[in-house]
Structure formats: structure tokens, C-alpha cells
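Thanks for asking me to look over this one with you. My notes follow below as numbered points, so you can go through them with the structure open beside you.

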Amino acid sequence: MTDMPDTVRPAVAHGLRLQWEPAQEAHVLLYPEGMVKLNSSAGAIMSRCDGTRTLADIVADLERSYGMSGLATDVRAFVVLALQKRWLELRE
Amino acid sequence: MSAAAHPGPPPQASPRIGPPLWLLLELTYRCPLHCVFCYNPTDFARTGAELATADWLRVLREARALGAVQLGLSGGEPLVREDLEAIVAEAHGLGFYVNLITSGVGLTRARIAALKAAGLDHIQLSFQDSTRELNDFLSSTRTFELKSQVAALIREYGYPMVLNVVLHRLNIDHVGQILEMAEAFGAQYVELANTQYYGWAWLNRDQLLPSRAQLERAEAVTQRFRERVAGRMQIYFVVPDYFETRPKACMQGLGSVFLAVAPDGIAMPCHAARMLPGLELPSVRDVDIRTIWYDSPAFNRFRGQSWMKEPCRSCPERTKDFGGCRCQAYLLTGDPDNADPVCDLSPHHSLVTSAVARAEAAGQGPPGGAAAPREQVLIFRDHRTSIPVVAGDPPAHR
């Protein structure tokens, strides 16, 4: 999975839902009878995984939004982890 | 109050009370089934009228405004409520993740289509065999057909197939067949949940508690099955806490994340809390959810640690398990402030080990014979048995 191309389009996995919860001041990932509260960087990445943007798009958007560069490695590592946890899935 | 007034370490300052993230609505106590292990109150037939649709919708709005986000719709059998679709639609619109916890009885194609359209996120199908249904299943008759059809519908509508099976002495030896059934249904997740002893299950405890040998056999069968279906099915085996030496962190502490509302509108910090003596549970008919959660004496009663007695009060594990389950402490010892007797540090731990020892003696028969008719009387949950059952002694006298 670490050799996946930058052109993959990750999306929140079927049956799960990502939303901003004001009471928790965090993005939360909701799944059957459970919930994960995401930290701010995980929330920023996951909220861009809409199945239309490619991994490269997501990295570019984050770098633009946060005025940073060199985020590709960290973003990819998180996406790989989230795929393993089945929080994300890849769309064609 | 000075710290020196306390014999043990001073209670920690109360942490900020978070929102009731988990809301459970027990929409009705009505149910077409009669399970001997049901945790519903044994006097359910005496409870008042069910909340009207408008009341449930108001509860949803008030709880969501506080930050509630996971919603369980349960009962009884929630499909008995004809307004279930309206409740789901409101909940979905408010941003809840909506879980339906059902026996599947009444889940027709028309209803699942309507529930899907209303925004239902998830269905947990229980295989709720009472012994009658167990026999039915073991002989591959009607229940199996019904479950199989409902399971197919759940898959057809794009839901993950999540099956919950309650285990006890009478069916635990058939865990292999139960898992094969789950596989045949296309289940992706199976929770093998050993009975917890509240409500009707408490009444029937001595007939339902498995022996340690049964438990170990079932775990071994489950592990072999798990290896065979790795990657396709995930199987959770929940050990009955009577066989543990430390209590469960019940509800992560009462009043910490969980709020349940009973069919008649009584708000509870856990499913079984209405049995606890001296706990004046507020009704959502009279009080809004914010006041109930933050200000009611009932929801504050077991927050923090100041209510604890020894050995919990000075125990380093008190912040991990919160002293265990208050309802179990009450049922077994008569005092809800005591340590959960599952804990081997509890002076009442022998109440648990003696129950297990009795089960051990009763479970000496051959493995396959466990489902054979027994002499003890099982009390099936139904309207007729509901009232006479409560006329007896208080539960702590058992």
C-alpha cells in the first residue's frame, strides 16, 4: 500500500460518516455503535477525502491551506493507516 | 471539605462533565419475543404509557444540542413502533449516527426501504434465541428462515451484516453451529455476548450461567472458526464478567457518556438503573435533557469518586473501572455503593464465585446435552409473568 500512486482517490469508507462536532471541537468518525475523535491533522486530511480528489490534490490543498510544504510523506502515511483501519477506501 | 477528613486519598477534583455522546432510546417495552435473558425490567408491564412521537423528537433535538451523536434505537422491539421511520428521519436530519437494534421481527422490505430512505445508518440484528427458538433453530425451522430473509434484506440495502448472539448455558455448546449460521447469513461482524445478569436474566441466572468448561470449549471453537474466516468475518467473544476478577468499566462511569430513555420517558444513566434504590430518575416529560444530564441528582449520584466505599475508594484501579457496575453491586450485595462483587478485592466476591460453583455443578452433563429440558423453571419475559414476578422478595435477598 505504501507504493500506491498519487492518483488514488480516497473516500470515507462506506457506512462510516465524518462530521464536525462543535461539542467536541473536533472531527469525529462515526461507525456502527462507535466513534473516533480525530485530532486536528487527521480531521484536516479525512475531511478532504471525498472520493473525487486525488492524494496529490489533497496534499496540495493542505499545503496551500496551512501555508506549509513537504506534507506528502505524512499525509500518505496517515492515508495508509486509515486504509488499514478501514476508515478510508479507494475510489476509482 | 478538607482532604484530611477522608480516610483514603482525597477524591480527585471532578473533571468537566462531557456531553452525553451516546443516546439510547428504548422506544417500547413491547416485544414479540419472550427471551429469558432480557435485561428489561421484570415489572415492565407496570410502567406508564409510552412517549408520543413528538416527545421522542423533542428528546432527540435536546440531546443533539448537547452534543449527543451516537443514537441507539432499541426496546423491546423498536419495529413495533409505527413512528420508527419518523424518529429515524428526525435523528438523521439532526446529524445523529442512527443504529437500530432489532430482533428483525417485523423488518419487511417496505420498512427497511423506508428506514433507509429516512437515513438509518446501521442495523444490528440479534439472534435472540430463547430456548424455544434455539430448538427451532437447531431443527432448521421457521426462525432460521425468518433470520435468513432479514439478513438478506439487510445486505441488499447496503448495510453491513452485524449479528449479535446472546450466549448462556443452554446455547453456548452450540456456538459452532451459531457461527456457521452467521456465516450462512453473510455476517461480517458477530458479537457473541455472554448474558449479563439484569432484569429477566437475573431471575433466570442460575439456569443461564454456563460452567467454566463450557466457556472454555466455546472460546476454543470460536478461535478455530475465527482463523478459518479471517478477513471475511470479525468475531467478538464477550466473556461473562462472573468469570473475571476485575469488574467492567460499566458505562465508562455512570453519567460520563451514556444517557438512556425508557419507553415511559424515564431518563437513566445506564440501561438497568431504574432498579437502583433511592435514585429518583427524572422523566423527559417533566425536565429537559440538559437539566437531566448536568443538574439532576440521579445523574450526579455516581459521578466522580466521592460515592465510593472501600476497597474502591483507595484502589489505584478506581479510575480505570469506576468500581464496576452499580446495578450488579446492588443486585448481589443490596448496596449500590459497594464494589462490584466481580472484583476479587471485594469482600462480597464469594457471591460471584459461589454462583459460578453452582453453575459448575449443574453443568456436569455431557456437552451435547446442555440444551435438553431441565428441571429448573425458566421464566420467559412476557406481559403475563411481568407482574407476579416482582411481588416476591427484593432482588438483593437472592
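1. Let us begin with Pro311(B), which sits in the loop between α11 (297–300) and α12 (318–321) of chain B. The model is a predicted one, and it places a cis peptide bond from Glu310(B) to Pro311(B), with omega near 10°.

2. A second cis bond is worth a visit. In chain B, the peptide bond leading from Gly75(B) to Gly76(B) is cis as well, and its omega is near 15°. Gly76(B) belongs to the loop that runs between β2 and α2 (84–94) of chain B. As background for both spots, most peptide bonds are trans.

3. Staying with the backbone, please look at Glu25(A) too. Its phi is near 50°, a positive value in a residue that is not glycine. Where does Glu25(A) lie? You will find Glu25(A) in the loop between β2 and β3 of chain A. For context, most residues other than glycine have a negative phi.

4. The strands on either side of that loop take us to the sheet of chain A. Here three strands make an open sheet, ordered β2-β3-β4, with antiparallel pairing. Why do β2 (17–21) and β4 (34–37) of chain A each have one side without a neighbour in the sheet? They stand at the edges and each has a single partner strand, so one side of each is left free of a neighbour there. On average, neighbouring strands of this sheet are turned by 30° against each other, with direction ignored.

5. Within that sheet, β3 (residues 26–31) of chain A is joined to β4(A) over four bridges, in the antiparallel sense. One pairing to check by eye is that of Tyr31(A), whose bridge partner in β4(A) is Gly34(A).

6. Now for chain A overall. Chain A contains three helices and five strands, and from the N terminus its elements follow the order β-β-β-β-α-α-α-β. The radius of gyration of chain A is 13 Å, close to the 12 Å that the globule rule gives for 92 residues, so the chain is as compact as a globular protein of that length. Along the principal axes, the C-alpha atoms of chain A fill a box of roughly 35 × 30 × 20 Å.

7. Chain B has an open sheet of nine strands with mixed pairing, in the order β7-β6-β5-β4-β3-β2-β1-β8-β9. Its edge strands are β7 (234–238) and β9 (267–268) of chain B, each of which pairs on one side only.

8. Further inside this order, β4 (residues 122–127) and β5 (residues 162–167) of chain B pair in the parallel sense over four bridges. Among these residues, Gln124(B) has Val162(B) of β5(B) as its bridge partner. Helix α1 (residues 53–66) of chain B lies across β1 (22–26), β2 (70–74) and β8 (258–261) of chain B, and runs at about 175° to β1(B).

9. Last, the enclosed spaces. How many cavities of 30 Å³ or more are there? The count comes to three, and the largest cavity has a volume of about 100 Å³. Of the 13 residues lining the largest cavity, the closest to its centre are Cys312(B), Cys315(B), Asp321(B), Ala339(B) and Cys343(B). Sorted by character, the lining of the largest cavity comprises seven nonpolar residues, one polar and five charged.

Key. Residues are numbered from 1 along each chain as its sequence is written. Chains are lettered from A and ligands numbered from 1 in the order in which they are written. This is a predicted model: local features need pLDDT of at least 70, side-chain atom pairs count only at pLDDT 80 or more; totals for chains, interfaces and linings use all residues. Side-chain values use heavy atoms; hydrogens and water are left out. Two strands pair if DSSP finds at least two bridges between them. Helices (H or I, at least four residues) and strands (E, at least two) are DSSP runs, numbered from the N terminus. Axes are lines fitted to C-alpha atoms, for helices over the stretch in contact, and angles run from 0 to 180 degrees between N-to-C directions. On a 1 Å grid over the protein atoms alone, a cavity is a set of points where a 1.4 Å probe fits but cannot get out, and a pocket is an open set with protein on both sides within 12 Å along at least five of seven lines; lining residues have an atom within 4 Å of a point. Grid points are joined across faces, edges and corners, and a volume is the space filled by probe spheres set on the points. Ala, Val, Leu, Ile, Met, Phe, Trp, Tyr, Cys and Pro count as nonpolar, Asp, Glu, Lys and Arg as charged, and the others, Gly among them, as polar. Contact means heavy atoms within 4.5 Å. The radius of gyration is taken over C-alpha atoms; the globule rule is 2.2 Å times the number of residues to the power 0.38.
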